[in-house]
Amino acid sequence: MNTSEFISLLGEHQEKSLLFEYAPGMLVGANYHVTEVKHVTIDSVDCGAGKDSWKETIIQLWESPLELGKTDYLTTYKALGILQKVGKISTYDMDAVVKIEYGNTMFHTAHLHITGFSAQEGKLIIRLSVQPTDCKAKETCGVPETNATANACAPGSGCC
């Protein structure tokens, strides 16, 4: 989901509570805060010497230990207000992919991809997932597209 789609989604559901499902059945606690919005430009070179670049909007969520037990979630209206304020200070690339940065004591900190959402009973639930790493130069590295293995880019494999 890109930045424009995410902001529009929040705008369409302003009366709802905003929940994030970081793993199946696991929700970010109601004590979360949006603590940072990052405008990131990635300039990369893959293991096959291919150059690429793209932009990301990374929204960081943090659970406040002072608000454990809180039951009321941040509303989409308030989250939208935060994002609009950020946009006035630092302009968004509306085509940039949105990622959610989150971690807690039971889940490693990660940049999570938005895989979908559901709107129900006063809630907007954003579904997140961890995307595995991948070899972007499969052809150069001799890695079959459908059967990539963890050791395919090992020394001597033709990759790197």
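The following dialogue examines the fold of one predicted model, from its overall make-up to single residues.

Visitor: On what basis are residues numbered and features of the model accepted?
Guide: Residues are numbered from 1 along each chain as its sequence is written, and side-chain values use heavy atoms, with hydrogens and water left out. As this is a predicted model, local features need pLDDT of at least 70 and side-chain atom pairs count only at pLDDT 80 or more, while totals for chains, interfaces and linings use all residues.

Visitor: What pattern of helices and strands does the chain follow along the sequence?
Guide: Helices (H or I, at least four residues) and strands (E, at least two) are DSSP runs, numbered from the N terminus. The secondary structure comes to three helices and seven strands. Read along the sequence, the pattern is α-β-β-β-β-α-β-β-β-α.

Visitor: In what order do the strands form the open sheet?
Guide: Two strands count as paired if DSSP finds at least two bridges between them. The seven strands form an open sheet with mixed pairing. Strands β2 (26–27) and β3 (32–45) are the edge strands, each pairing on one side only. The order is β2-β1-β7-β6-β5-β4-β3.

Visitor: Which residue in β7 stands opposite Leu18?
Guide: Strand β1 (residues 17–23) and strand β7 (residues 123–129) run parallel and are joined by five bridges. Within β7, the residue opposite Leu18 is Leu124.

Visitor: What is the bridge partner of His33 in β4?
Guide: Strands β3 and β4 run antiparallel and are joined by 13 bridges. Their hairpin has five residues between the strands, and Ala49 takes a positive phi near 70° there. The partner of His33 in β4 is Trp62.

Visitor: Which residue in β6 is the bridge partner of Asn104?
Guide: Strands β5 and β6 pair in the antiparallel sense over five bridges. They form a hairpin with two residues between them. The partner of Asn104 in β6 is Phe107.

Visitor: What is the handedness of the β-α-β unit made by β4, α2 and β5?
Guide: Strands β4 and β5 pair in the parallel sense over five bridges, with Ile58 opposite Lys99 in β5. A crossover is right-handed if, with the strands pointing away from the viewer, the path from the first strand over the helix to the second runs clockwise. The unit made by β4, α2 and β5 is right-handed.

Visitor: At what angle to β3 does helix α2 run?
Guide: Axes are lines fitted to C-alpha atoms, for helices over the stretch in contact, and angles run from 0 to 180 degrees between N-to-C directions; contact means heavy atoms within 4.5 Å. Helix α2 (residues 76–89) lies across β1, β3, β4 and β7. Its angle to β3 is about 50°.

Visitor: How far apart are the end C-alpha atoms of α2?
Guide: The expected span of a helix is 1.5 Å times one less than its number of residues. For the 14 residues of α2 this should give 20 Å, and the separation of the end C-alpha atoms agrees with it, at 20 Å.

Visitor: Which arc around the axis do the buried residues of α2 cover?
Guide: Buried means under 20% relative accessible area, exposed over 50% and partly exposed in between (1.4 Å probe, protein chains only). In α2, Thr76, Ala79, Leu80, Leu83 and Val86 are buried. They lie on the same side of α2 because their arc, taken from the directions from the helix axis to the C-beta atoms, is only 120°.

Visitor: Which exposed residues does the opposite face of α2 carry?
Guide: The buried residues of α2 pack against α1, β1, β3, β4 and β7. The face turned away from that buried side carries Tyr77, Lys78, Lys85, Lys88 and Ile89.

Visitor: Is Gly87 buried or partly exposed, and what is its relative accessible area?
Guide: Gly87 has its place in helix α2. Its C-alpha atom is separated by 9.5 Å from that of Val37, 50 residues apart along the chain. Gly87 is partly exposed, with a relative accessible area of 23%.

Visitor: Which residues does His13 touch?
Guide: His13 lies in the loop between α1 and β1. It is buried, with a relative accessible area of 13%. Not counting residues up to four places away in sequence, His13 touches Thr76, Ala119 and Leu124.
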